[in-house]
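Subject: Structure handover

Hello,

Here is the structure I promised to pass on. Please open it first, then read the notes underneath.

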Amino acid sequence: MMNRFEGSGNRPAKIRYLDGDFQIVMPGTHVTCAMTGVPIPVDELRYWSVARQEAYADAQASLDAERQAGTLPG
């Protein structure tokens with residue numbers, strides 16, 4: 001069992017996505033792209049949706065998610 005002083009290992013982080021920033025709720029090494037399933041290292045996370053609370057690997061995945069959600073024209 002991991003205590004709060006041990007490292008985060010290689011497990012997913014739990015993150016609350018905010019406007020222009022994010023808050024780490026539970027430490028981890030990565031999050032998973034909602035569109036591609038690719039792991040994204042937390043220190044490389046640049047794209048996310050506040051409304052859907054999802055992370056994206058890159059700008060294209062973010063754009064595809066917005067189109068799929070109907071917030072942008074197809």
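The notes below go from the overall layout to single residues.

**Overall layout**

Please keep in mind that this is a predicted model. The protein chain has 74 residues, and 22% of them count as buried. It holds one helix and six strands. Read from the N terminus, the order is β-β-β-β-β-β-α. The strands are thus followed by the helix.

The chain exposes about 5200 Å². Carbon and sulfur atoms supply 52% of that area. Now take the contacts in the chain with a separation of 6 or more. Residues 24 or more positions apart account for 23% of these contacts.

**The core**

The largest nonpolar core has 12 residues. From the early part of the list come Ala13, Ile15 and Tyr17. Then come Val31, Cys33, Ile40, Val42 and Leu45. Ala55, Tyr56, Ala61 and Ala65 complete the set. Which elements give two or more residues to this core? They are strand 1 (14-18), strand 6 (54-56) and helix 1 (59-69).

**Tyr17 and the aromatic rings**

Tyr17 belongs to that core. Leave aside its neighbours within four places in sequence. Tyr17 is then in contact with Phe22, Val31, Leu45, Trp48, Ser49, Val50, Gln53, Glu54 and Ala55. Val31, Leu45 and Ala55 on that list are core residues too.

A search of the whole structure finds two aromatic pairs. One of them is Phe22 with Trp48. Why is this pair called edge-to-face? The ring centres are 5.4 Å apart and the planes stand at 90°, so the pair is edge-to-face. Planes over 60 degrees apart fall in that class. The pair also links distant parts of the chain. Phe22 is in strand 2 (residues 21-26) and Trp48 is in strand 5 (residues 47-49). They are 26 residues apart.

Ring pairs link Tyr17, Phe22 and Trp48 into a cluster. Tyr17 therefore has a place in the core and in this cluster.

**Helix 1**

Which residues of helix 1 are buried? They are Ala61, Ser62 and Ala65. Seen down the helix axis, they fall within an arc of 100°, so they line one face of the helix. These buried residues pack against strand 5 and strand 6.

Ala61 and Ala65 are in the nonpolar core. Ser62 also lies in helix 1. Its relative accessibility is 15%, so it counts as buried. The cut-off for buried is under 20%. Not counting residues up to four places away in sequence, Ser62 touches Tyr47 and Tyr56. Tyr56 is another member of the core.

**Salt bridges**

How many salt bridges does the structure hold? There are two. In one, the side chains of Arg52 and Glu54 meet at 3.5 Å, N to O. In the other, Glu66 and Arg52 meet at 2.7 Å, N to O. Glu66 lies in helix 1, and Arg52 lies in the loop between strand 5 and strand 6, so this pair ties together parts that are 14 residues apart in sequence. The salt bridges share partners and join Arg52, Glu54 and Glu66 into one network.

Are these three residues buried, exposed or in between? Arg52 is partly exposed, with a relative accessible area of 27%. Glu54 is partly exposed as well, at 25%. Glu66 has 22% and also counts as partly exposed.

**Gln53**

Gln53 lies in the loop between strand 5 and strand 6. Its phi is near 55°, a positive value in a residue other than glycine. Most residues other than glycine have a negative phi. Gln53 is partly exposed, at 35% relative accessibility. Tyr17 is in contact with Gln53.

**Pro12**

Pro12 is found in the segment before strand 1. It counts as partly exposed, at 48% relative accessibility. Leaving aside its neighbours within four places in sequence, Pro12 is in contact with Pro27, Gly28 and His30. How far apart are Pro12 and Pro39 in sequence and in space? They are 27 residues apart in sequence and 8.6 Å apart in space, C-alpha to C-alpha.

That is the handover.

Best wishes

Key:
Residues are numbered from 1 along each chain as its sequence is written. This is a predicted model: local features need pLDDT of at least 70, side-chain atom pairs count only at pLDDT 80 or more; totals for chains, interfaces and linings use all residues. Side-chain values use heavy atoms; hydrogens and water are left out. A nonpolar core is a set of buried Ala, Val, Leu, Ile, Met, Phe, Trp, Tyr and Cys residues joined through side-chain atoms within 4.5 Å. Buried means under 20% relative accessible area, exposed over 50%, partly exposed in between (1.4 Å probe, protein chains only). Helices (H or I, at least four residues) and strands (E, at least two) are DSSP runs, numbered from the N terminus. Contact means heavy atoms within 4.5 Å. Rings of Phe, Tyr and Trp (its six-membered ring) pair if their centres lie within 6.5 Å; planes under 30 degrees apart count as stacked, over 60 as edge-to-face and the rest as tilted. Accessible areas come from the Shrake-Rupley method with a 1.4 Å probe; for residues, only the protein chains shown count as cover. A salt bridge is a side-chain nitrogen of Lys or Arg within 4 Å of a carboxyl oxygen of Asp or Glu. The arc is that of the directions from the helix axis to the C-beta atoms.
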